[in-house]
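Trainee: I've just opened this one and I'm new to it. Could you walk me through it, one question at a time?

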Number of protein chains: 2
Amino acid sequence: MSQWCNFRQLLGRHQLRPTTLRLRVLEILGAAPQALPVQKILALIRTERSVNKVTIYRILGDFCNLGIIRKINPEGRSTFYELACEHHPPHPHFQCRRCGEVQCLESISLDHLCEELKEVLGPGALRVEIRVEGICPKCQALTPKKV
Amino acid sequence: MSQWCNFRQLLGRHQLRPTTLRLRVLEILGAAPQALPVQKILALIRTERSVNKVTIYRILGDFCNLGIIRKINPEGRSTFYELACEHHPPHPHFQCRRCGEVQCLESISLDHLCEELKEVLGPGALRVEIRVEGICPKCQALTPKKV
DNA sequence: GCTCATTTTTCAACTAAGTTGCAAAATAAC
DNA sequence: GTTATTTTGCAACTTAGTTGAAAAATGAGC
């Protein structure tokens, strides 16, 4: 993702100063092959420097309100986030029941469903979130088939 | 819902004793026209008698594990639940950004999407949750159009 | 009915996510 | 460099949900 987006410009367009932390959060989300929980973002940054969680919550909250990132509400306690640039349009997510990780199902289009929803709900439908639950390949490999 | 389901039998089938609280939780969910947050269920029961929140969490958790009710993870802190009997099969939900209520979109079929998902994910996809965000009619009526 | 084993409910204490208000630090504009 | 504004940090708090163990309720056998 990061190779396509200039994060400084992106922040500039939204009147946000390109601080180290904001850029780092964008870089992390841009480099991630999947949606990340707040805790993971915090932990990653804390391997490099000290940060207060409040700051991360505020950065993520601001980005989300501006539409720079998307919030995902999976099963479990923590919230996940992903970059929302034009190279990463809305798509369903797959969450593993064992490890809790959230993968992007980018190959599945939401078009058909969105059409159907608009018919039923009119313009009131502002956003669609699809979450598929199951066991991811990695976790399936860990458990012998019939156990 | 309640008119179709015999809750005592339902509990019996799952080796759960038909206690007042368990029956009341089922009645409340059965009578609700929409999914309810834990807090609401607690509050409703507390208008009648005193209950400990732990009990309600445990009842809801047990029901959920047995497939008697379904858990919905909407935006916001609290978890919502709905009855999962054969008269109320899985369906998308609409959540209002203003009031936070969660309506059932029972008229929208998940069949097309589920087919598509099974193709991509194989049998790994165990459950699909679809959440539509928007402003509900009630809240739209409260706010003058262009404000 | 009474007794015993099991299930259900309660209590108190705890965890973990996320929030708030305000002070300190960093930054941009002048 | 000084000042006004934005960003970050700190401490304290709120709220949802969890845990373990004790107390209460229930069902089965008598």
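**How the chains meet**

Mentor: Let's begin at the interface, keeping in mind that this is a predicted model. In it, 25 residues of chain B are in contact with 25 residues of chain A.

Trainee: Which element gives the largest share of the side of chain B that touches chain A?

Mentor: Two elements of chain B each give two or more residues to that side, α5 and β6. By class, the side of chain B that touches chain A has 14 nonpolar, five polar and six charged residues. The largest share is 10 residues, and the element they come from is β6(B).

Trainee: And how many bridges does β6(A) make with β6(B)?

Mentor: One bridge pair to look for is Gly134(A) with Ala125(B). In general, strands of a sheet pair through backbone hydrogen bonds, either parallel or antiparallel. Here β6(A) and β6(B) take the antiparallel sense, and the number of bridges is nine.

Trainee: What kind of axis relates the two copies?

Mentor: Try laying chain B on chain A: a turn of 180° with a shift of 0.0 Å along the axis does it, at an RMSD of 0.0 Å. The copies are thus related as by a two-fold rotation axis.

Trainee: In chain B, which residue has the C-alpha nearest the axis?

Mentor: Stay with chain B and look for a C-alpha 2.2 Å from the axis. The copies meet through the same surface, because 100% of the interface residues of chain B are also interface residues in chain A. The residue with the C-alpha nearest the axis is Ile130(B).

**The sheets**

Trainee: What is the strand order in the open sheet of six strands?

Mentor: Start from the edges, where β5 (102-104) of chain A and β5 (102-104) of chain B each pair on one side only. The twist from one strand to the next averages 30°. The pairing is mixed, and the order reads β5(A)-β4(A)-β6(A)-β6(B)-β4(B)-β5(B).

Trainee: Within chain B, which residue is the bridge partner of Gln95(B) in β6(B)?

Mentor: Strand β4 (residues 93-96) of chain B runs parallel to strand β6 (residues 125-134) of chain B, with four bridges joining them. Gln95(B) has its bridge partner in β6(B), and that partner is Glu133(B).

Trainee: At about what angle does helix α5 of chain A run to β6(A)?

Mentor: Helix α5 (residues 111-121) of chain A lies across β6 of chain A as well as β4 and β6 of chain B. Its counterpart in the other chain, α5 of chain B, touches β4 and β6 of chain A together with β6 of chain B. For helix α5 of chain A, the angle to β6(A) is about 130°.

Trainee: There's also a sheet of three strands in chain B. Which strands stand at its edges?

Mentor: That open sheet has antiparallel pairing and the order β1-β3-β2. Two of its strands have a single partner strand each, so one side of each is left without a neighbour in the sheet. Those edge strands are β1 (36-37) and β2 (69-72) of chain B.

Trainee: Which helix packs on that sheet?

Mentor: Four bridges join β2(B) to β3 (residues 80-83) of chain B, and Arg70(B) has Glu82(B) as its bridge partner in β3(B). The helix touches β1, β2 and β3 of chain B, and its direction makes about 85° with that of β3(B). It is α2(B).

**Domains and DNA**

Trainee: How far apart are the centres of the two domains of chain A?

Mentor: The domain assignment gives domain 1 (1-88) and domain 2 (90-147). Their contact takes nine residues from domain 1 and 10 residues from domain 2. Taken over C-alpha atoms, the centres are separated by 21 Å.

Trainee: Which residues are the closest to DNA strand C?

Mentor: Both chains take part: α3 and α4 of chain A, with α2 and α4 of chain B, each supply at least two residues of the surface near that strand. By class, this surface has eight nonpolar, eight polar and six charged residues. Of the 22 residues surrounding DNA strand C, the closest are Arg77(A), Thr79(A), Thr19(B), Leu21(B) and Thr55(B).

Trainee: And which residues come nearest to DNA strand D?

Mentor: Around DNA strand D there are 22 residues. The elements giving two or more of them are α2 and α4 of chain A together with α3 and α4 of chain B. Those that come nearest are Thr19(A), Leu21(A), Asn52(A), Thr55(A) and Thr79(B).

Key. Residues are numbered from 1 along each chain as its sequence is written. Chains are lettered from A and ligands numbered from 1 in the order in which they are written. This is a predicted model: local features need pLDDT of at least 70, side-chain atom pairs count only at pLDDT 80 or more; totals for chains, interfaces and linings use all residues. Two strands pair if DSSP finds at least two bridges between them. Axes are lines fitted to C-alpha atoms, for helices over the stretch in contact, and angles run from 0 to 180 degrees between N-to-C directions. Two residues are in contact if their C-beta atoms, placed from the backbone, lie within 7 Å. Domain bounds come from an automatic or database domain assignment. A residue is near a molecule or strand if its C-beta atom, placed from the backbone, lies within 6 Å of it. Ala, Val, Leu, Ile, Met, Phe, Trp, Tyr, Cys and Pro count as nonpolar, Asp, Glu, Lys and Arg as charged, and the others, Gly among them, as polar. Copies are superposed by least squares on the C-alpha atoms of residues with pLDDT of at least 70 in both.
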